[in-house]
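I opened this structure to look up helix packing and enclosed space. My notes follow.

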Amino acid sequence: MTRDELAARDAADPLGPCRASFRLPDGLIYLDGNSLGALSDGAARRVEKALHAEWGRDLIGSWNTHGWIDLPQRVGDAIGRLIGAEPGQVVCTDSTTVNLYRLLHAALALRTDRSVVVVEADNFPADNYIVQGIRDVFGGAVTLRAVPSTSLVDGLDEDVAVLVASHVNYRSGRLQDMAAITQRAHAVGALTVWDLAHSAGVVPVRLDAAGADLAVGCSYKYLSGGPGAPAFLYVGRELQDKIRPVLQGWMGHAAPFAFEAEYRPADGIRRHLCGTPPVLSMSALEGALEIFDRVSLEAIRAKSAALTQTFLELVEDRAASFGFELQTPRNPSDRGSQIALRHPQGYAIVRALIDREVVGDFRAPDVLRFGFAPLYLRFVDVWDAVDRLVDVMRSEAWAAPAYQQRAAVT
Ligand SMILES: *Cc1c(COP(=O)(O)O)cnc(C)c1O
């Protein structure tokens with residue numbers, strides 16, 4: 001493989017023109033779109049409008065005239081198109097972590113005769129903190145069963161109320177077979193809560209087709225909604241009327257502006273709303289989603305597989321002698337859009353790369369994580385990133401004292 005060959009691939013790439021819709025600093029190779037997606041023209045324009053024409057000029061009337069009141073559902077449906085959910089099953093609200101609390105609580109309330117929550121032992125820790133918190137609140141009525149992400153179904157039996165797992169593991173990038181695992185869960189009478197943080201917008205998710213019950217996800221990663229962009233939750237149609245939300249907020253009331261004394265849940269997905277939506281950040285997300293109307297998820301997935309494969313092959317070709325260990329499944333159909341490499345000097349290597357304008361990230365204890373956002377990464381970026389990785393290793397640039405000190409955010 002040569003850089004010229006990769007440049008030719010870029011020239012023929014059907015997604016190549018999308019890069020121009022993102023505002024990336026010149027020269028930067030951004031392999032962290034899996035953690036904070038880049039700013040798009042769509043997001044920037046939509047925020048400008050929300051700021052000036054809506055908040056600035058039309059003020060409170062914007063709730064009606066600019067449809068702020070329907071924003072959580074409008075954005076929810078737009079996300080739903082990317083995760084295989086028919087309209088009316090996804091709503092945009094709060095953070096992934098809070099939404100997980102809500103839906104886990106709901107799942108347990110639907111399975112009061114059972115006590116076990118199966119969790120992915122190596123899931124994003126925040127997800128498991130939420131499960132631990134629920135266990136503590138339920139005081140003995142709920143127990144945890146942690147299983148490795150390589151064998152989720154082994155944790156399933158007739159005691160299990162709910163399985164909580166990531167569709168794509170945040171560290172290894174392993175992609176789960178959502179349909180098969182959901183089916184196995186249902187076969188023992190358990191419900192599923194899927195976390196789509198690392199698959200929404202980059203892996204074609206098929207919630208309805210998989211028979212998924214409940215799901216949560218994040219919109220500042222591959223969806224490029226902006227830092228702290230509000231998250232989403234999915235409740236499959238069949239469960240919608242059966243769930244009474246744990247957070248009974250006025251925005252989820254059947255008639256918020258009737259100001260009734262007693263809570264009555266709204267029909268449908270809207271009952272999961274709680275308080276006033278963050279209109280500015282939700283508007284940014286709405287604008288960020290526009291680009292997905294112009295491209296297919298299949299094209300995104302195909303390019304994602306090609307980018308990760310190219311990176312993998314180049315690392316194995318050119319950096320084989322430096323002691324990296326692949327933590328991501330080798331088969332592209334078993335992984336999301338990232339490559340994780342283990343190395344004892346992982347943190348220092350990531351820092352040295354950042355100083356060479358290659359931005360990846362580090363996940364304790366020893367993982368270098370590189371995310372590949374197909375809408376704005378080029379094949380030559382992959383070449384250049386590996387080139388600089390080889391340079392950092394060969395020159396031992398990572399050994400500089402400045403790279404040994406951990407920053408607050410890694
Ligand atoms: C990124 C991520 C989150 C983020 O949760 P926040 O509430 O937005 O901080 C949650 N779960 C997983 C698996 C993630 O990768």
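Before starting, I noted the handedness rule: a crossing is right-handed if the near helix is turned clockwise from the far one by less than a right angle, and left-handed if anticlockwise. I also noted that the model is predicted.

Entry 1, H5 and H6. I looked up the pair H5 (residues 96-109) and H6 (residues 125-138); their axes come within 10 Å and cross at roughly 45°. That angle makes H5 oblique to H6. I recorded the crossing of H5 and H6 as right-handed. From H5, the contact uses Thr97, Leu100, Tyr101, Leu104, His105 and Leu108. H6 brings Ala126, Asp127, Ile130, Val131, Ile134, Val137 and Phe138. By class, I have 10 nonpolar, two polar and one charged in this contact.

Entry 2, H1 and H13. Next I took H1 (residues 3-12) and H13 (residues 379-395), whose axes come within 7 Å and cross at roughly 150°. Angles over 145 degrees count as roughly antiparallel, so H1 is roughly antiparallel to H13. Arg3, Leu6, Ala7, Arg9 and Asp10 of H1 meet Phe379, Val380, Trp383 and Asp384 of H13. I listed five nonpolar, four charged and no polar residues there.

Entry 3, cavities. How many cavities of 30 Å³ or more are there? I found two. The largest has a volume of about 50 Å³. Its lining includes Tyr222, Phe292 and Ile300. Eight residues of that lining are nonpolar, one is polar and none is charged. The second largest cavity holds about 30 Å³. Among its lining residues are Arg102, His105 and His272. I classed this second lining as four nonpolar, two polar and two charged. His105 also sits in the H5 contact with H6.

Definitions and conventions: Residues numbered from 1 in each chain as written. Predicted model: local features only at pLDDT ≥ 70, side-chain atom pairs only at ≥ 80, totals over all residues. Heavy atoms only, no water. Axes fitted to C-alpha atoms, helices over the stretch in contact; angles between N-to-C directions. Helix = DSSP H or I, 4+ residues; strand = E, 2+ residues; numbered from the N terminus. Parallel < 35°, antiparallel > 145°, perpendicular 65-115°, else oblique. Contact = heavy atoms within 4.5 Å. Nonpolar A, V, L, I, M, F, W, Y, C, P; charged D, E, K, R; others polar. 1 Å grid on protein atoms, 1.4 Å probe; cavity = no way out; pocket = protein on both sides within 12 Å on 5 of 7 lines; lining within 4 Å. Points joined across faces, edges and corners; volume = space filled by probe spheres on them.
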